[in-house]
Amino acid sequence: AAIATSAEYSYRYATLIKEPFPAGEPAIATSAEYSCYYATLIKEPFPAGEPAIATSAEWSYEYASWLDQPFPAGEEAIANDDSYRLFYTRNILKHHRSPSWENLIKNNPKSSYEYATILNQPFPAGEAAIATSAEHSFNYANDMLKNKTFPAGEPAIATDAKYSYLYATDILKHKPFPAGEAAIATDPHYARLYDQMLGTNLSQQ
């Protein structure tokens with residue numbers, strides 16, 4: 001009865017007797033860490049502990065890894081952690097698509113771009129968010145669209161000298177990118193390169 005009041009010692013007791021310890025499960029269920037450990041011990045999901053697990057990016061990821069499937073309840077915590085978001089996408093979602101995850105990250109440009117790269121295919125639901133970022137718009141066009149234009153992202157790209165220049169060279173195949181020329185003209189380095197490539201005079205402006 002005393003052991004059953006502690007998540008840690010309830011779990012330890014279960015490992016000692018090598019079987020489930022139902023009396024201690026309410027205490028175990030209050031701890032993300034021990035709920036995850038207990039599931040591996042009893043070799044089945046531990047639903048009573050899932051709300052606690054879902055509060056932690058680390059333990060949500062560990063639980064999903066042990067289940068070898070997405071853990072939707074913990075995806076919000078995971079999505080807010082840069083490291084575990086990447087681990088979850090790369091190691092869990094590469095093999096198991098998760099509509100709940102896609103809906104959660106579709107409004108985040110970085111997360112949407114990461115998801116597309118790990119799936120190695122476009123992620124249309126996230127394109128509106130990607131299009132708000134010059135960096136991610138260029139990289140999405142370059143990596144996911146295989147050097148094809150990404151019109152939705154061009155307004156964002158056009159605000160940045162570096163990505164406007166790269167868009168003209170890599171995506172437009174050494175052709176002008178008029179929308180980005182104002183930004184390019186503000187950067188002497190990229191203005192000079194753009195002028196050399198296209199015979200313009202942005203560096204003189």
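**Exercise 1.** In this predicted model, determine which residues Arg85 touches, not counting residues up to four places away in sequence.

*Solution.* Leaving out residues up to four places away, Arg85 touches Ile78, Ala79, Trp101, Lys110, Ser111 and Glu114. Next, place the residue: Arg85 belongs to helix 7, which spans residues 82–93. Then consider polar contacts of its side chain. One joins the side chain of Arg85 to the side chain of Ser111 at 3.2 Å. Another joins the side chain of Arg85 to that of Asp82 at 3.1 Å.

**Exercise 2.** Decide whether Arg85 is buried or exposed.

*Solution.* The relative accessibility of Arg85 is 4%. Buried means under 20% relative accessible area. Arg85 therefore counts as buried.

**Exercise 3.** Describe the setting of Ala168.

*Solution.* Ala168 lies in helix 13, residues 161–171. Its relative accessible area is 0%, so Ala168 is buried. Residues up to four places away in sequence aside, Ala168 touches Lys173, His174, Lys175, Phe177, Tyr194 and Met197. Finally, Ala168 and Pro72 are separated by 96 residues in sequence and by 40 Å in space, C-alpha to C-alpha.

**Exercise 4.** Examine helix 5 from its start to the residue that follows it, and state what its buried residues pack against.

*Solution.* At the start of helix 5, a side-chain oxygen of Ser56 comes to within 3.3 Å of the backbone nitrogen of Glu58. Within the helix (residues 57–67), the buried residues include Trp59, Tyr61, Tyr63 and Leu67. The buried residues of helix 5 pack against helix 3, helix 4, helix 6 and helix 7. After helix 5 comes Asp68, with a positive phi near 55°.

Terms used
Residues numbered from 1 in each chain as written. Predicted model: local features only at pLDDT ≥ 70, side-chain atom pairs only at ≥ 80, totals over all residues. Heavy atoms only, no water. Helix = DSSP H or I, 4+ residues; strand = E, 2+ residues; numbered from the N terminus. Buried < 20%, exposed > 50% of the residue type's maximum accessible area, 1.4 Å probe, protein only. Polar contact = N/O pair within 3.5 Å; in protein donor to acceptor, adjacent residues only side chain to side chain. Contact = heavy atoms within 4.5 Å.
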